[in-house]
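Hi,

Here is the structure I promised to pass on. Have a look at it first, and my notes follow underneath.

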Amino acid sequence: MKVLIDERGRKYLVEGRELHTKQGIVRIEDDAHRASSHLGHSFVVLDPDIVDIYEKMPRAGSFMLKKDIALILACLGVGAGKTVVDAGAGSGALAIFLGNVVGPGGRVVTYERNRDFAERAERNLGLAGLQGVVEVRVRDVLDDGFDEPDSSADAVTLDMKESWKMISEAKRVLRRGGRTAIYTVYVEHARAAHEALLKEGFAEVRTIETVTREMEFRRQGSRPKTGRVGHSGYLTFGRKV
Ligand SMILES: C[S@@+](CC[C@H](N)C(=O)[O-])C[C@H]1O[C@@H](n2cnc3c(N)ncnc32)[C@H](O)[C@@H]1O
């Protein structure tokens, strides 16, 4: 698999040897760093990394943004060899980055109640080469909970409907000192998660919204991009004590 970047910065994930675009047909040669379409447009050729996979993988429904994933990874403190329980998987965006940080010695189990979404998440994990690290389980966790034994997980991440109802189950599977992150779109739901963590005796409970602004540097001057700077969600964190 290769990633091709065109003259305008558009990115293409290519599994075969040929890419068909409006700029013509591009044939990708072994070990080439550049390629040209039959219409004369040039492309940079790279091996895809986890960021390329995240940006170009098939997705549906809401999808966690890098700014929120980054904060989750930083605030959970998970690293190589750790065990993380995640729900719901969606297209697998967060699960892919979790798998990337826990690595081959670690383990991520991501639960998803929708079979089609679970299958897409599995395919996306395959694109990222993480099938051996991240396992997708089809399950409604509100009805049936997690499979993991008590105190077995280093971290629990929740991004699903009514996630605040999963706090006691998250507490059950977390080891003492383990951390949880709950992503909610609406502030009422963030508050429900925050209050549920306090009620269950979690420490270090806080809710954060992350706002990022990309800069643009033009001939006329520099300023934050005027494109969409929208709300994504709130992140609520807590630590089992
Ligand atoms: C916003 S998406 C998750 C996005 C994903 N975390 C990401 O990184 O992009 C929410 C997902 O939770 C799933 N879900 C909702 N309720 C669930 C439940 N009770 N058990 C398991 N999955 C659930 C939905 O089917 C949906 O795919």
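Let's start in the middle of the chain: Ala87 has Tyr111 in β8 as its bridge partner. Keep in mind that this is a predicted model. That pair belongs to a set of 5 bridges joining strand β7 (residues 83-87) to β8, and the two strands run parallel. To get from β7 to β8, the chain passes through helix α3 (residues 93-102), making a right-handed β-α-β crossover.

β8 itself covers residues 107-112, and 5 of its 6 residues are buried. It also pairs with strand β9 (residues 134-138), again through 5 bridges and in the parallel sense. If you want a spot to click on, Val109 has Glu135 in β9 as its bridge partner. Here the chain goes from β8 through helix α4 (residues 115-127) to β9, and this β-α-β crossover is right-handed.

Next, two loop residues that I looked at one by one.

Asp159 sits in the loop between β10 (153-158) and α6 (167-173). Is Asp159 buried or exposed? Neither label fits: its relative accessible area is 28%, so Asp159 counts as partly exposed, given that buried means under 20% and exposed means over 50%. Leaving out neighbours within four places in sequence, Asp159 is in contact with Met64, Ala87, Gly88 and Tyr183. You'll recognise Ala87 from above, where it was the bridge partner of Tyr111. Asp159 and Thr184 are also worth displaying together: they are 25 residues apart in sequence, with their C-alpha atoms 6.7 Å apart in space.

Thr210 is the other one, and its place is the loop between β12 (203-209) and β13 (215-218). Why does Thr210 count as buried? Because its relative accessibility is 16%, and the cut-off for buried is under 20%. With neighbours within four places in sequence set aside, its contacts are Lys67, Asp68 and Leu71.

Now back towards the start of the chain, for a hairpin. Strand β3 (residues 18-21) and strand β4 (residues 24-27) pair in the antiparallel sense over 4 bridges, and 2 residues link them in the hairpin. Glu18 stands opposite Arg27 in β4. β3 has two faces: Leu19 and Thr21 make up the covered one, while Glu18 and His20 make up the uncovered one.

Finally, some numbers for the whole chain:

- The secondary structure adds up to 7 helices and 15 strands.
- The C-alpha atoms fill a box of roughly 65 × 45 × 30 Å along the principal axes.
- Of the 241 residues, 44% are buried.
- Among contacts with a separation of 6 or more, 61% are between residues 24 or more positions apart.
- About 12,900 Å² of the chain is exposed, with carbon and sulfur atoms supplying 47% of that.
- There are 38 positive and 35 negative side chains, and the centres of the two sets lie 5 Å apart.

If you only have a minute with the viewer, I'd go to β8, which is paired in parallel with β7 and with β9. After that, colour Asp159 and its contacts, including Met64 and Tyr183.

Cheers

Terms used:
Residues are numbered from 1 along each chain as its sequence is written. This is a predicted model: local features need pLDDT of at least 70, side-chain atom pairs count only at pLDDT 80 or more; totals for chains, interfaces and linings use all residues. Side-chain values use heavy atoms; hydrogens and water are left out. Buried means under 20% relative accessible area, exposed over 50%, partly exposed in between (1.4 Å probe, protein chains only). Contact means heavy atoms within 4.5 Å. Accessible areas come from the Shrake-Rupley method with a 1.4 Å probe; for residues, only the protein chains shown count as cover. Lys and Arg count as positive and Asp and Glu as negative; His and the chain ends are not counted. The place of a charge is taken as NZ of Lys, CZ of Arg, CG of Asp or CD of Glu. Two strands pair if DSSP finds at least two bridges between them. A crossover is right-handed if, with the strands pointing away from the viewer, the path from the first strand over the helix to the second runs clockwise.
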